[in-house]
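The following exercises concern the packing and burial of residues in one protein model. Each task is followed by a solution in steps.

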Amino acid sequence: MSESHVMDLFRLDGRVALITGGTKGLGRSMALGLAQAGATTVICSRHADQCESAAVEVAAQTGSESVGFAADVTSEEQVQSLVDEAVHRFGRLDVLINSAGINLRHPIEEFPPDEWQQVMDLNVRGTWLCCRAVAPLMKQQRNGSVINVGSTLSAVGLANRSAYCPSKHAVIGLTKTLALEWAPFGVRCNTLCPGPFLTEMNVPLLGEPEKVKAVVSQTALNRWGELPEIRGAAVYLASDASSYMTGASLYVDGGWTAG
Ligand SMILES: NC(=O)c1ccc[n+]([C@@H]2O[C@H](COP(=O)([O-])OP(=O)(O)OC[C@H]3O[C@@H](n4cnc5c(N)ncnc54)[C@H](OP(=O)(O)O)[C@@H]3O)[C@@H](O)[C@H]2O)c1
């Protein structure tokens, strides 16, 4: 690696990044962060209108090119079309962030098996399908950074998350496997593990102040993360600033897993 100025290593100019779940919450914040660092962004969720409006907003706020492509990442065909469209449009794909995810909460004896499957289908299979679809291109480019979004619950358990916790533990296993599989081709894969951020995913908790308190008090900082606080880690993992990092898990969790 050349002796670049350290701040230049964080730049993403000329890079193309695909962000699943990029219309809302953490995915949207990370898309904005990557665009601020100079990346062209492809924003994906299941709803074309929301993809389009998120892309318009990211482009307006950053001056970087951004487009929205709708896809359900649990569909093999739609994931392939998404990657094909992105490559057709921009000729390359340097970064993939798998942020699309779901959390459903019940005691195990009340957990409907089809809801357990829904969590696994999106958090594990969807992530796996997207990794699978970008692999040939990134290997051929001999360059790429894939960021799988895990959770504090990739490392520890939490009551009533008997689908979500196993799904996020699986994301770490997938990441480590792909890090080994792709390293000879110059492609990196890491897991970014957020703590609690107040996104739509956590809205179901808000009616129950005791549960909110229980979640927030798990963090050493004793607060929710704020959406911009995920961006630094996302840009770091996407960029050459983390060029010697693969197979790793980076926790942005307010100190939850320190306890
Ligand atoms: N928020 C937290 O506290 C927290 C903590 C730890 C980890 N995480 C993880 O961070 C990631 C983002 O969470 P978030 O809180 O930002 O969630 P969110 O606000 O609920 O956003 C989820 C995003 O995923 C998209 N999505 C859902 N199903 C999809 C599908 N089948 N195909 C494509 N896109 C789909 C949603 O759009 P549509 O519904 O319109 O498709 C939306 O853009 C998740 O992997 C989550 O597990 C979150």
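**Exercise 1. Place Leu 93 in the fold and classify its burial.**

Solution. Leu 93 belongs to the loop between α3 and β4; helices (H or I, at least four residues) and strands (E, at least two) are DSSP runs, numbered from the N terminus. The model is predicted, so local features need pLDDT of at least 70 and side-chain atom pairs count only at pLDDT 80 or more, while totals for chains, interfaces and linings use all residues. Residues are numbered from 1 along each chain as its sequence is written.

For burial, C-beta atoms are placed from the backbone, and a residue is buried if 20 or more other C-beta atoms lie within 10 Å of its own, exposed if 12 or fewer, and partly exposed in between. Leu 93 has 22 other C-beta atoms within 10 Å and is therefore buried.

Next come the contacts, for which the C-beta atoms of two residues, placed from the backbone, must lie within 7 Å. With residues up to four places away in sequence not counted, Leu 93 touches Val 16, Leu 18, Val 83, Ala 86, Val 87, Val 134, Leu 137 and Met 138. The C-alpha atoms of Leu 93 and Ala 233 are separated by 20 Å, with the two positions 140 residues apart along the chain.

**Exercise 2. Describe the packing of α3 against α4.**

Solution. Two packed helices are described by the angle between their axes and the distance between the axes. Here axes are lines fitted to C-alpha atoms, for helices over the stretch in contact, and angles run from 0 to 180 degrees between N-to-C directions.

Step 1: α3 (residues 76-90) and α4 (residues 113-141) pack at about 40°, and their axes are 9 Å apart. The angle therefore makes α3 oblique to α4; under 35 degrees counts as roughly parallel, over 145 as roughly antiparallel, 65 to 115 as roughly perpendicular and the rest as oblique.

Step 2: the crossing of α3 and α4 is right-handed, meaning that the near helix is turned clockwise from the far one by less than a right angle, whereas an anticlockwise turn would be left-handed.

Step 3: α3 contributes Glu 76, Val 79, Gln 80, Val 83 and Val 87 to the contact, and α4 contributes Leu 129, Cys 130, Ala 133, Val 134 and Leu 137. By class, the contact of α3 with α4 holds eight nonpolar residues, one polar and one charged. Ala, Val, Leu, Ile, Met, Phe, Trp, Tyr, Cys and Pro count as nonpolar, Asp, Glu, Lys and Arg as charged, and the others, Gly among them, as polar.

**Exercise 3. Repeat the analysis for α4 with α5.**

Solution. The axes of α4 and α5 come within 9 Å and cross at roughly 15°. It follows that α4 is roughly parallel to α5. The crossing of α4 past α5 is right-handed. Among the contact residues are Val 119, Trp 128 and Lys 139 of α4 and Tyr 164, Leu 174 and Trp 182 of α5. The contact of α4 with α5 comprises eleven nonpolar, three polar and two charged residues.

**Exercise 4. Which residues touch the most other members of the largest nonpolar core?**

Solution. A nonpolar core is a set of buried Ala, Val, Leu, Ile, Met, Phe, Trp, Tyr and Cys residues joined through C-beta atoms within 7 Å. In the largest such core, of 62 residues, Ala 17, Leu 34, Val 134 and Ala 234 touch the most other members. The largest share of this core, nine residues, comes from α4.

Ala 234 is also one of the buried residues of α8. In α8 (residues 231-238), six of the eight residues are buried, and the helix is mostly covered. Its cover includes β1 (16-20), α1 (25-36), β4 (95-98), β5 (144-149), β6 and β7 (249-252).

**Exercise 5. Is Arg 142 buried or exposed, and where is Arg 188 found?**

Solution. Arg 142 is found in the loop between α4 and β5. Arg 142 has 10 other C-beta atoms within 10 Å and is therefore exposed. Its phi is positive, about 55°, although Arg 142 is not a glycine.

Arg 188 lies in strand β6 (residues 187-194). Arg 188 is buried because 25 other C-beta atoms lie within 10 Å. Leaving aside neighbours within four places in sequence, Arg 188 is in contact with Ser 145, Ala 179, Met 245 and Thr 246.
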